[in-house]
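Trainee: I'm new to this one. Could you walk me through how a few of its labels are earned?

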Amino acid sequence: MYIPEHFSVEDPAALHALVRAHPLGALVTHGAGGLDANHIPFELEVAADGQATLLAHVARKNPVWRDARDGDEVLVVFRADDAYISPNWYPSKHEFHQQVPTWNYLVVHAHGRIRIRDDEKFVRGVVARLTRAHEKSQPKPWKMTDSAPEYIDAMLREIVGVQVDVTRLVGKAKLSQNKDRRDLESAARGVLAAGAVELGERMMACARDGKPG
């Protein structure tokens, strides 16, 4: 990924936060069948020493877990908010007519090595934690124990665990921070009006603090 210096996000805490807020990652593998991409919700674990691990599961019928081998290099792409940026949103455009359209976005690329975890204990743990994380906002959170044990056991047999040991995290926040403050603030208002709230708020904070956040 091409990252000009002013768009780079290097703070591990900020990268981890973005992954946790947008856990649906595109797992890119390169196996015998060539390049493949699978869109999977991941759980991020960070050890005390800073080592990051991504945990997930795929359907047993999905060929990715047979095509990818333990130790293969993989890429997982996490994307947050994005929005088109019109040149008309920049005040300087109306004075000098030297702006062009662009697209702003927030992404994290997790480079790592994959491990296939075809064992019931691992899969059950991943499913349980993902369920708790994503059901907690519901009025009445669903629990695995809400279903008959034999049904859950049968469902778990139909999925396979995936673990990615992260070797490198790369973040990019393209927020128009290479523009003058008035242009950045005006573009942020345009993005907010277009409904990309997370991106617009980050752009506004960048205009205020001078940091991509």
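**Earning the labels**

Mentor: Sure. Keep in mind that this is a predicted model. Let's start with a facing pair: Asp 82 stands opposite Tyr 105, which belongs to E7.

Trainee: What makes strands E6 and E7 a pair?

Mentor: A pair needs at least two bridges. Strand E6 (residues 73-85) and strand E7 (residues 102-117) have eleven bridges, in the antiparallel sense, so they count as paired.

Trainee: And how do you know that E7 and E8 pair?

Mentor: Again the cut-off is at least two bridges. E7 and E8 have 13, also antiparallel, so they qualify. One example is Ile 114, whose bridge partner in E8 is Val 164.

Trainee: Which strand holds Lys 172?

Mentor: Lys 172 sits in E8.

Trainee: Why is Lys 172 said to have no salt bridge?

Mentor: A salt bridge has to fall within 4 Å. For buried Lys 172, the nearest side chain of opposite charge is Asp 82, and that is 13 Å away, so the label doesn't apply.

Trainee: What makes the meeting of Lys 172 and Tyr 105 a polar contact?

Mentor: The limit is 3.5 Å. Their side chains come to 2.9 Å, so the distance fits. Lys 172 also has other residues in contact, including Met 1, Phe 7 and Val 107.

Trainee: Last one: why is Ser 176 called buried?

Mentor: Buried means under 20% relative accessible area. Ser 176 has 3%, so it counts as buried. Ser 176 is in the loop between strand E8 and helix H6, and its phi is near 65°, a positive value in a residue other than glycine.

Key. Residues are numbered from 1 along each chain as its sequence is written. This is a predicted model: local features need pLDDT of at least 70, side-chain atom pairs count only at pLDDT 80 or more; totals for chains, interfaces and linings use all residues. Side-chain values use heavy atoms; hydrogens and water are left out. Helices (H or I, at least four residues) and strands (E, at least two) are DSSP runs, numbered from the N terminus. Buried means under 20% relative accessible area, exposed over 50%, partly exposed in between (1.4 Å probe, protein chains only). Lys and Arg count as positive and Asp and Glu as negative; His and the chain ends are not counted. A polar contact is a pair of N or O atoms within 3.5 Å; within protein, one must be able to donate a hydrogen and the other to accept it, and residues adjacent in sequence count only if both atoms are side-chain atoms. Contact means heavy atoms within 4.5 Å. Lists of a residue's contacts leave out its neighbours within four places in sequence.
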